[in-house]
Amino acid sequence: MGFTLEKSKTIDVPSPGEHTTEKDFPVNRPSPQSVMQIRETTHRSFKRDGNISVPEKASDKTHSGRYMYEECKQKTYGNTRLLIWVVAMAICGRLLRAWNQTGIKWADRPDVGDWFVSPENKVHLSILVIVSYVIICAVRHCRHQCHPLLVLALTGVYYYRATTAVISLPWTTSTEPDKGLYQAWLVYVTIGLHIVTTLFTQLKELRNGGKERRQVIVDLLEGFYTSFIMLAALLLRPHNAAVLALLVVQEHGMTTAIWPRFFTGSPAWLIGLLHTWFGLAAFYAQGNSNNAATVDISAGYVGLDSHIPVLVGLLTFMSTYIGLTLWMISLLIYITKTFYHRYSKAVEEVIYTLVLFRALPLAVYTVVVSLQRYHLFVWSVFSPKLMYEGVLTVVFSFIVFSFTAHFYILQKLNLIKEE
């Protein structure tokens, strides 16, 4: 019995039970050339099947190392940028808290805003307003929303404040106080022109097909956000220009750096809850409280020469809740960017969240006031709080109505594409 290993050699295999030696059954060891050929064949087959990835040249190793270095560099840059934004948000929150401290607990402590309001610090207040407006323009430029009308409106607001002798102009020594009617109406006209320009531009882009539908909605909302920034700069007190700048920086940092990193994949109701919390915090950062004495009535007369109840009430209302309004517009922008492919469900979740967020405290406080109706301080403590709860309920009702109307209009314009 035997079998052939090579063409020229045959080995006889002994029968069972027969004594054998190494000479009778020699082992044919493979040559070094055969081993190299087997390794090369195995390497090619593994590489072809995708099981093993081995760089064939030194340049491939260099390219792989460079790719790993660039990836590590990008991760380091992203973590550093995130850390900077977290520290910046903490600083913004602390400044907002100390700028207008309200309530009985901090009544004896001086505020940062009170120092700027002092007549001897008029120059410092002027510099503060200029720096705040520059910061606003810079942040909006990062979002590609620094429209020339924004610069014109902020310049008009500064000129209006200088005309009323609240702040000073750099090129003049002193000015006589004036109502600044023309300057205020110039800002109002600029705001209206910006809204019309935004609508016309985005509808033109939609008709020409130059942008995708989601980007058209985002740009529309960003335009409205910029318009409300102009209105807030005009209605808020001069020292609150820094509050407005901090709110704009805070909104930009939260929605573009922090929330996309930590809340990716989160439900829409949680995003709506976060925006609502920051909006209510902005309400108190403006200097408002549960006391009617903190309402800035002067904002209702900006640009008015006489008392017009409807306009005065509307402007006062807008000035009081302008921070919450900005955060609600930011909520719509964030939902459009993140939940566009299930937009209807996201808006529905947010609306339910806003309704529940407002209904629960109102129900609980109504029961508390009913139980404490014979309390000694029912008119000085409980009644103002109940009044603010009722007004805030009206505000949230208007927000829910605006969200519903916004979604209905987008459906009519065929701007929503559901999966």
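Let's start with the lining of the largest cavity: sorted by class, it has 6 nonpolar, 1 polar and 2 charged residues. The residues in question are Val-129, Tyr-133, Arg-161, Ala-233, Leu-236, Arg-237, Pro-238, Asn-240 and Ala-241. The space they surround has a volume of about 40 Å³. Keep in mind that you're looking at a predicted model here. How many cavities of 30 Å³ or more does the count come to? The answer is 1.

How do you look for empty space in the first place? Rolling a probe the size of a water molecule over the atoms shows where it is left.

**The largest pocket**

Now for the pocket. The largest one holds about 890 Å³ of space. It has 32 lining residues, and Phe-224, Phe-228, Ile-329, Phe-398 and Ser-402 are the closest to its centre. Five helices each give two or more residues to this lining: α6 (181–208), α7 (213–235), α10 (309–320), α11 (322–338) and α13 (378–412). Which of them supplies the largest share? That's α13, with 10 residues. By class, the pocket lining splits into 27 nonpolar and 5 polar residues, with no charged ones.

**The chain as a whole**

Stepping back, the protein chain has 13 helices and 2 strands. It runs to 419 residues, and 40% of them are buried. If you take the contacts with a separation of 6 or more, 71% are between residues 24 or more positions apart. The chain exposes about 25,300 Å², and carbon and sulfur atoms supply 65% of that area.

**Four residues to click on**

Here's how four residues compare in relative accessibility.

| Residue | Relative accessibility | Class |
|---|---|---|
| Ala-153 | 0% | buried |
| Arg-358 | 6% | buried |
| Arg-213 | 33% | partly exposed |
| His-144 | 73% | exposed |

Take Ala-153, which is found in helix α5. Why does Ala-153 count as buried? Its relative accessible area is 0%, so it falls under the 20% cut-off. Setting aside neighbours within four places in sequence, Ala-153 is in contact with Val-187, Thr-190 and Met-230. You can also try a distance from Ala-153 to Gln-183: they sit 30 residues apart in sequence, and their C-alpha atoms are 9.8 Å apart in space.

Next up is Arg-358, in helix α12 (residues 343–371). Is Arg-358 buried or exposed? It's buried, because its relative accessibility of 6% is under 20%. The side chain of Arg-358 makes a polar contact of 2.8 Å with the side chain of Glu-389. Beyond its neighbours within four places in sequence, Arg-358 is in contact with Glu-389, Leu-392, Thr-393 and Phe-396.

Arg-213 belongs to helix α7. At 33%, Arg-213 lies between the 20% and 50% cut-offs, so it counts as partly exposed. From Arg-213 to Gln-202 is 11 residues along the chain, and their C-alpha atoms are separated by 9.9 Å.

Last comes His-144, and for this one you need to look in a loop, the one between α4 (122–142) and α5 (148–163). His-144 is exposed because its relative accessible area, 73%, is over 50%. There's something else to check on its backbone. Most residues other than glycine have a negative phi. His-144 isn't a glycine, yet its phi is positive, at about 60°.

Key: Residues are numbered from 1 along each chain as its sequence is written. This is a predicted model: local features need pLDDT of at least 70, side-chain atom pairs count only at pLDDT 80 or more; totals for chains, interfaces and linings use all residues. Side-chain values use heavy atoms; hydrogens and water are left out. On a 1 Å grid over the protein atoms alone, a cavity is a set of points where a 1.4 Å probe fits but cannot get out, and a pocket is an open set with protein on both sides within 12 Å along at least five of seven lines; lining residues have an atom within 4 Å of a point. Grid points are joined across faces, edges and corners, and a volume is the space filled by probe spheres set on the points. Helices (H or I, at least four residues) and strands (E, at least two) are DSSP runs, numbered from the N terminus. Ala, Val, Leu, Ile, Met, Phe, Trp, Tyr, Cys and Pro count as nonpolar, Asp, Glu, Lys and Arg as charged, and the others, Gly among them, as polar. Buried means under 20% relative accessible area, exposed over 50%, partly exposed in between (1.4 Å probe, protein chains only). A polar contact is a pair of N or O atoms within 3.5 Å; within protein, one must be able to donate a hydrogen and the other to accept it, and residues adjacent in sequence count only if both atoms are side-chain atoms. Contact means heavy atoms within 4.5 Å. Accessible areas come from the Shrake-Rupley method with a 1.4 Å probe; for residues, only the protein chains shown count as cover.
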